[in-house]
Amino acid sequence: MFITRRLPEVVETRMRELFNARLNVDDKPMSKDQLIDAVKTVDVLVPTVTDKIDKSVLSQAGPKLKLIANFGTGVDNIDLETARNRGITVTNTPGVLTEDTADMTMALILAVPRRLTEGSMLLKSLQDSWEGWSPTWMLGHRIFGKRLGIIGLGHIGQAVARRAKAFGLQIHYHNRRPVAEDIEQELEATYWESLDQMLARMDIISVNCPHTPATYHLLSARRLKLVKPTAYIVNTARGEIIDENALGRMIESGQIAGAGLDVFEHEPAINPKLLKSDSVVVLPHMSSATIEGRIDMGEKVIINIKTFLDGHSPPDRVHSAMF
Ligand code: 8YV
């Protein structure tokens with residue numbers, strides 16, 4: 001078994017106790033050649049979001065590779081079709097990072113319109129030359145009573161809606177199909193079949209759907225033009241869902257008020273227009289970055305591997321139809 005990145009110590013210790021686990025000790029993202037070397041010999045691979053397990057890697061996998069136990073919920077880093085065709089089972093770690101990711105999404109929904117990081121960075125740069133409070137300085141925009149449009153009302157989207165409702169936001173959502181009536185009622189959520197129509201009417205848009213071939217550039221340049229110039233976009237899902245260059249251009253030209261981004265289309269590269277904009281909060285893909293969350297993710301990986309090696313179907317098996 002090969003684990004491509006360093007995981008919380010307690011997880012690594014447990015894996016070594018249970019399995020013949022090899023680690024990537026220097027924790028540097030692995031190159032394609034290193035990944036190919038690994039899949040040639042191992043029975044189980046434990047990758048993360050920084051490992052692109054595509055066709056060119058999987059096509060060189062050895063006959064022993066039977067399980068890819070992803071440390072993460074999103075599996076867009078893995079070519080599910082090729083894995084399935086080669087009889088390789090793929091698992092992920094859903095559920096255990098839902099609340100943490102929803103917390104960070106809500107933090108960005110609050111931080112951008114209220115200029116939170118901007119104010120903090122400005123005060124740190126002013127140091128003792130700050131002249132104190134003034135009536136019209138650092139004014140942001142109220143979020144209470146505003147319209148939040150959630151793209152993807154799955155587990156994380158629903159957890160975001162619960163938090164946003166408590167902050168007095170009106171909940172709207174776009175999905176492949178409406179969620180169950182009881183969930184819609186609990187969240188007082190309005191379903192929009194047309195994403196275009198929803199985008200044109202929202203004050204804040206939160207991307208909470210998985211990255212799949214169908215959601216690549218879901219927020220294309222054409223769709224971003226539908227967004228109100230006073231609206232904000234938040235993304236804690238995957239960068240590829242938004243045309244990042246178009247978003248950078250439109251924020252720079254004032255066609256979109258701002259954005260809160262934890263993920264980027266070409267991670268770790270970030271569009272320079274986004275980096276230099278005061279009305280953009282950028283985070284280093286840390287939405288699920290809690291020690292509790294990462295240990296829970298590790299435990300899910302261990303259960304998936306153990307169940308699989310015991311000859312049973314692992315609890316978090318990913319079926320390519322799911323994505
Ligand atoms: C993970 C994430 O930390 O789970 C996901 O899909 O994006 C993050 O929570 C990352 O994927 C680790 O592989």
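This short talk goes through a sheet, two helix contacts and an aromatic pair in one structure.

Good morning. Please keep in mind throughout that we are looking at a predicted model.

I begin with the sheet. It is an open sheet of 5 strands in the order 2-1-3-4-5, and the pairing is parallel. Which strands stand at the edges? They are strand 2, residues 22-23, and strand 5, residues 89-91. Each has a single partner strand, so one side of each is left without a neighbour in the sheet. For strand 2, we can look at the pairing in detail. Strand 1, which covers residues 2-3, pairs with strand 2 in the parallel sense over 2 bridges. If you find I3 in the model, its bridge partner in strand 2 is L23.

From the sheet we pass to helix 13. This helix lies across strand 3 (44-46), strand 4 (67-69) and strand 5, and it runs at about 165 degrees to strand 4.

Helix 13, residues 291-309, also meets helix 1, residues 9-18: their axes come within 9 Å and cross at roughly 15 degrees. Because of that angle, helix 1 counts as roughly parallel to helix 13. The crossing of the two is right-handed. On the side of helix 1, the contact is made by V10, V11, R14, M15 and L18; helix 13 contributes R294, I295, G298, V301, I302, I305 and K306. By character, the residues of this contact are 8 nonpolar, 1 polar and 3 charged.

The second helix contact is between helix 5, residues 98-111, and helix 7, residues 155-166. Their axes come within 8 Å and cross at roughly 50 degrees. How does helix 5 therefore stand to helix 7? At that angle, helix 5 is oblique to helix 7. This crossing, too, is right-handed. The residues in contact include T98, E99, T101 and A102 of helix 5, together with H155, I156 and A159 of helix 7. The full set divides into 7 nonpolar, 4 polar and 3 charged residues.

Finally, I turn to the aromatic rings. How many aromatic pairs does the structure hold? It holds 1. The partners are Y173 and Y191, whose rings lie 5.2 Å apart, centre to centre, with 45 degrees between the planes, and the pair is tilted. Y173 belongs to strand 7 (residues 170-174) and Y191 to strand 8 (residues 189-191). The two are 18 residues apart, and the pair thus links distant parts of the chain.

Thank you for your attention.

Key. Residues numbered from 1 in each chain as written. Predicted model: local features only at pLDDT ≥ 70, side-chain atom pairs only at ≥ 80, totals over all residues. Heavy atoms only, no water. Axes fitted to C-alpha atoms, helices over the stretch in contact; angles between N-to-C directions. Helix = DSSP H or I, 4+ residues; strand = E, 2+ residues; numbered from the N terminus. Parallel < 35°, antiparallel > 145°, perpendicular 65-115°, else oblique. Left-handed = near helix turned anticlockwise from the far one by under 90°. Contact = heavy atoms within 4.5 Å. Nonpolar A, V, L, I, M, F, W, Y, C, P; charged D, E, K, R; others polar. Pairing = 2+ DSSP bridges. Phe/Tyr/Trp six-rings, centres within 6.5 Å; stacked < 30°, edge-to-face > 60°.
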